[in-house]
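Q: Could you take me through this structure with a close look at one part, the second largest pocket, and then show me what surrounds that part in the rest of the fold?

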Amino acid sequence: MPYHGRMLGYDVVIIGAGASGLFCALTAARRGLSVAVFDHNAQTGKKLKVTGGGRCNFGNTHVGPENFLCANPHFCVSALSRFGPLAFKEFLEQNGLSSVEQDHGQLFCREGALSVAELLDRLCRQAGVHFYMDVRIKNIERTEEFRVTYPGGTVPGRNLVVAAGGLAWPQVGSSCFGYGVAETFGMELVEPRPALTPLNFGPGWQMSTLSGIAVPARVSFGSASFEDALLFTHKGLSGPSILQISNYWQPGKPISINLVPNVSPEEVINKARTTKSQVKTILSRLLPARLAASVVPPEMGAKPVAQLRKEEAAWLVKRLTAWEVTPKELAGYKKAEVTAGGVDTKAISSKTMESLAAPNLYFIGEVMDVTGQLGGYNLHWAWASAFAAGQSFKLPE
């Protein structure tokens, strides 16, 4: 569909057929704009189809700016206020899909991630969106219009949207392409890094024998703190609480772990002082046996609780409630749920997602320096930023 202008082309050209790209394309096409979408994958929504373990944690009832990391902490406010926590849930219901709310306000699609991806693809095609799939873009330049060149030719567009995602999950085709486009047009980057990822402790990880053990825990770094499951692995620590804290952790510094967030170990110790119980016995009531055996040295584990000196009891309480360990590194992009950092939002309109340095150039989704916490927040940002951009394009005269 050509736009009304000097050249034949599209009103909107979108780079990336993932969650944000598809929703932006649909939003714009339903307003009567002509839209083309490019992607190097052969199918649309490749990453979307496997999110949430295939269950698609598409949002969260608690969505707010406080759930996102960004160098500009106020950047998310506008888009989130115009696309509320239940907006995508309502969109799914209007189109025949249903949802279920689980722990911590997480919203999942009952029919699964594949159904969500197929719905967006179908609605886009019905709205007239044209797809250029399984193609590698050779060049993007701009005169009066943007011109996207690929092996099959050149496609002009009045507006260009970069929805190319980040570096996480390279196994589904993630790349740094979007960052290159941003730099080509004078945009700056906040250094990308893996986010929502396990933490590795390097060779000699003393707890490697505990691999597979999971416990509820409260994990803290600085002012950030999350209570959820913690999983021991061969290389370090994982589980929801660790993925959450990975967004905030700084290399070379320790994290603090409360292994008994719902128990007062002081009370347990004091009550046990009137019995003949050994330390390892009371620990086995609080923690899985193998973990309990690793928490204290064998000589303390064999000691009767009644014989614990005051300083020993204090050490034990701290060991249980404020165990400090220093990770070696983030597990990396292959294990990361998303990418933190990206295109610096200081040069992007928070209302429209348009570049302040290059008019008619837009950035949406994960490619930007906006990173959500675990629990559906990143997909909600994909929808909210896509909706903001899709609603802002000027209609052809």
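A: **The pocket and its surroundings**

The protein is built from 12 helices and 21 strands. Please keep in mind that this is a predicted model. Along the principal axes, its C-alpha atoms fill a box of roughly 90 × 40 × 35 Å. Of the 397 residues, 53% are buried. Contacts between residues 24 or more positions apart make up 73% of those with a separation of 6 or more.

Now to the part you asked about. The second largest pocket holds about 320 Å³ of space. Its lining consists of 14 residues, and the ones nearest its centre are His104, Gln106, Asp228, Gln244 and Leu374. By character, the lining divides into 7 polar, 4 nonpolar and 3 charged residues. Two elements, β14 (224-232) and α6 (240-246), each supply at least two residues of this lining. The most comes from β14, with 3 residues.

His104 deserves a pause, as one of the residues nearest the centre of the pocket. You will find histidine 104 in the loop between β5 (99-101) and β6 (106-109). Its phi is near 60°, which is a positive value in a residue other than glycine. Is histidine 104 buried or exposed? Neither label fits: with a relative accessible area of 49%, histidine 104 counts as partly exposed, because exposed means over 50% and buried means under 20%.

A useful partner to set beside histidine 104 is tryptophan 169, which is not a glycine either and has a positive phi of about 60°. Tryptophan 169 sits in the loop between β10 (153-162) and α5 (177-184). Here the relative accessible area is 14%, so tryptophan 169 is buried.

Following the chain from that loop brings us to α5, where Gly178, Tyr179, Val181 and Ala182 are buried. These residues lie on the same side of α5, because they cover an arc of only 160° around the axis. Their cover includes β8 (139-142), β10, β11 (189-195), β19 (338-343) and β20 (361-363). Just after α5 comes glycine 186, with a positive phi of about 85°.

Threonine 371 is also worth finding on your screen. This residue belongs to strand β21 (residues 371-372). Threonine 371 is buried, as its relative accessible area is 2%. Leaving aside residues up to four places away in sequence, threonine 371 touches Asn67, Phe68, Leu69, Ala195, Asn247, Val338, Thr339, Ala340, Gly341 and Asn378.

Two further helices can be read the way we read α5. In helix α3 (residues 87-94), the buried residues are Phe88, Phe91 and Leu92. They cover an arc of only 95° around the axis, so they are on the same side of α3. The elements they pack against are α1 (19-29), β3 (57-60), β6, α4 (113-126) and α12. After α3 comes glycine 96, with a positive phi near 90°.

In helix α8 (residues 279-286), Val279, Ile282 and Leu283 are buried. Their arc around the axis is only 105°, which puts them on the same side of α8. What covers them includes the helices α7 (265-272), α9 (289-295), α10 (298-301) and α11 (310-321).

Finally, let us look at the nonpolar interior. In soluble globular proteins, nonpolar side chains tend to be buried together. The largest nonpolar core in this model has 84 residues, and Phe38, Met353, Phe363, Trp381 and Trp383 have the most contacts inside it. Helix α12 (residues 377-392) gives the largest share of this core, with 9 residues. A second, separate core has 41 residues, among them Phe232, Leu237, Met300 and Trp323.

For a detailed view of the larger core, try tryptophan 383. Not counting residues up to four places away in sequence, tryptophan 383 touches Ala19, Phe23, Leu48, Phe58, Phe83, Phe88 and Leu120. Phe88 is a residue we have already met, as one of the buried residues of α3.

To return to where we started, the pocket has His104 among the residues nearest its centre, and β14 as the element that gives the most to its lining.

Note on methods: Residues numbered from 1 in each chain as written. Predicted model: local features only at pLDDT ≥ 70, side-chain atom pairs only at ≥ 80, totals over all residues. Heavy atoms only, no water. 1 Å grid on protein atoms, 1.4 Å probe; cavity = no way out; pocket = protein on both sides within 12 Å on 5 of 7 lines; lining within 4 Å. Points joined across faces, edges and corners; volume = space filled by probe spheres on them. Helix = DSSP H or I, 4+ residues; strand = E, 2+ residues; numbered from the N terminus. Nonpolar A, V, L, I, M, F, W, Y, C, P; charged D, E, K, R; others polar. Buried < 20%, exposed > 50% of the residue type's maximum accessible area, 1.4 Å probe, protein only. Arc of directions from axis to C-beta. Contact = heavy atoms within 4.5 Å. Core = buried A, V, L, I, M, F, W, Y, C linked by side-chain atoms within 4.5 Å.
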